[in-house]
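This report turns to the surroundings of the bound ligand and then to one charged residue elsewhere in the chain.

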Amino acid sequence: MKKRSIETVDVRGKRVVVRVDFNVPFADGSISDDSRIRESLPTIRYLSKHGAKTILISHLGRPKGKVVESLRLEPVATRLTQLLETTVQSSQDLTGPNVQHRVTSLKDGQILLLENSRFDPGEEANSPELAQSLAGLGDIFVLDAFGAAHRAHASTTGIASYLPTYAGFLMVKELNALTRITQRPARPLAAVLGGAKVSDKLTVLDGLLDHVNLLLIGGGMANTFLLAAGFEVGSSLVEPDLLDQASRLVEKASARDIDLLIPDDVATGLSLDDDHPTVVSAERVQPDHAIYDIGPRTIQQYIDRVRNAQTVFWNGPMGVFERPAFATGTERIASAVAALDAYTVVGGGDSLAAISKYRLQDRIDHLSTGGGASLEFVAGQTLPGVAVILDESA
Ligand code: ADP
Ligand code: MG
């Protein structure tokens, strides 16, 4: 279903509340990858140029309903100011009289960034009070935070209950690109999955198996599958509660003739500081070691298999690529996907960081700002933060 974009409404002089996704990675106190901020520029520039009073809302990290000094959005406002070459005001609060005052003083074209929405416990609880209070700041609402569209939170779906809601340019771009995977994709369709948010992602795989022809599993996610296969995983990141689920997925894949591959060998270490990985077959992980990357045999196997794909969706690094000793799997698989003629989509904050680290941005067809969101979309789920946007026919 096509969604109504901000271009279909007159925004001049209006107070426009925009939910953006500024959940960017930080290293040593500064922004290490500003892709998500850059992706939101078209919407913000458009609104400012067309005389809207723009009120930006985003979350950052997982402060769990409390103020965490290191997760303030001030550095994001600074970066945004540089990128837009125009001042972006920032507020130390999300709600309250100070915010109302700041909004009332905005002139046409000016931009205000509110404080981290997850400092308020009402955000993740989707509290109607918080949603109403944020909605009260604006005349219309724009959803551009595709990366947060899989969550029904106060600043995403909540506000949409009170204001007419439009899609920003990033949202439109994401929906168009990902629909190429969900609707009549060129086949074979391959998904490459890894990363650390295993519990969030594993439950989505069931739906994914209804669509893909090939599923390659690496990263932290693979460990749960290895444990389910009866292998020792030592001190690896695992989700013991999801073992049955992992086994069921393997059965479903085999019943449907879908190739679901888990690592055949792995790179392990005593800790992440281990500079010399121990490479072993997947069934020979030592109890005091943890799996931090896929092994060389697996890398070759995955590259050989993905080569035939006509469409590839990738979410989640194959290993702890932030550590040079455990970056090989991610770098090699990323390079292989980038070299394909297939339609390629990579999603997820950390996955995008890896793509830019290896300078492959220009060789991927679509870089999705959503990790969980793109995965759920590709798995055929209706994202709450997309459902609330007005349909084009409305
Ligand atoms: P994305 O942001 O792309 O959606 P995630 O947030 O799910 O991906 O996971 C990214 C993180 O997963 C990276 O920081 C990486 O270090 C970590 N990771 C990958 N493989 C492993 C592993 N085997 N053990 C622990 N962490 C891992
Ligand atoms: Mg991540």
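Three secondary-structure elements, α11 (219-228), β14 (290-294) and α15 (349-357), each supply at least two residues of the shell around ligand 1. The model is a predicted one, and in it the residues around ligand 1 number 22, of which Ala196, Lys201, Glu322, Asp350 and Ser351 come nearest. Sorted by class, this shell around ligand 1 consists of twelve polar, six nonpolar and four charged residues.

For three of these nearest residues, a distance to an oxygen atom of ligand 1 can be listed together with the kind of protein atom involved.

| Residue | Protein atom | Distance to an oxygen atom of ligand 1 |
|---|---|---|
| Ala196 | polar backbone atom | 2.8 Å |
| Glu322 | N or O atom in the side chain | 2.5 Å |
| Ser351 | polar side-chain atom | 2.5 Å |

Ligand 1 has 580 Å² of accessible area on its own, and the protein covers 89% of that area.

The other subject is Arg4, which is placed in the segment before β1 (15-19). Which side chain of opposite charge is nearest to Arg4, and how far away is it? That side chain belongs to Glu392, at 8.0 Å, and Arg4, although buried, has no salt bridge. Since a salt bridge requires a side-chain nitrogen of Lys or Arg within 4 Å of a carboxyl oxygen of Asp or Glu, the 8.0 Å to Glu392 does not meet that cut-off. The side chain of Arg4 does, however, make a polar contact with the side chain of Thr8, at 3.0 Å.

Definitions and conventions. Residues numbered from 1 in each chain as written. Chains lettered and ligands numbered in written order. Predicted model: local features only at pLDDT ≥ 70, side-chain atom pairs only at ≥ 80, totals over all residues. Heavy atoms only, no water. Near = heavy atom within 4 Å. Polar contact = N/O pair within 3.5 Å; in protein donor to acceptor, adjacent residues only side chain to side chain. Areas by Shrake-Rupley, 256 points an atom, 1.4 Å probe, with all protein chains shown as cover. Helix = DSSP H or I, 4+ residues; strand = E, 2+ residues; numbered from the N terminus. Nonpolar A, V, L, I, M, F, W, Y, C, P; charged D, E, K, R; others polar. Buried < 20%, exposed > 50% of the residue type's maximum accessible area, 1.4 Å probe, protein only. Lys, Arg positive; Asp, Glu negative; His and termini not counted.
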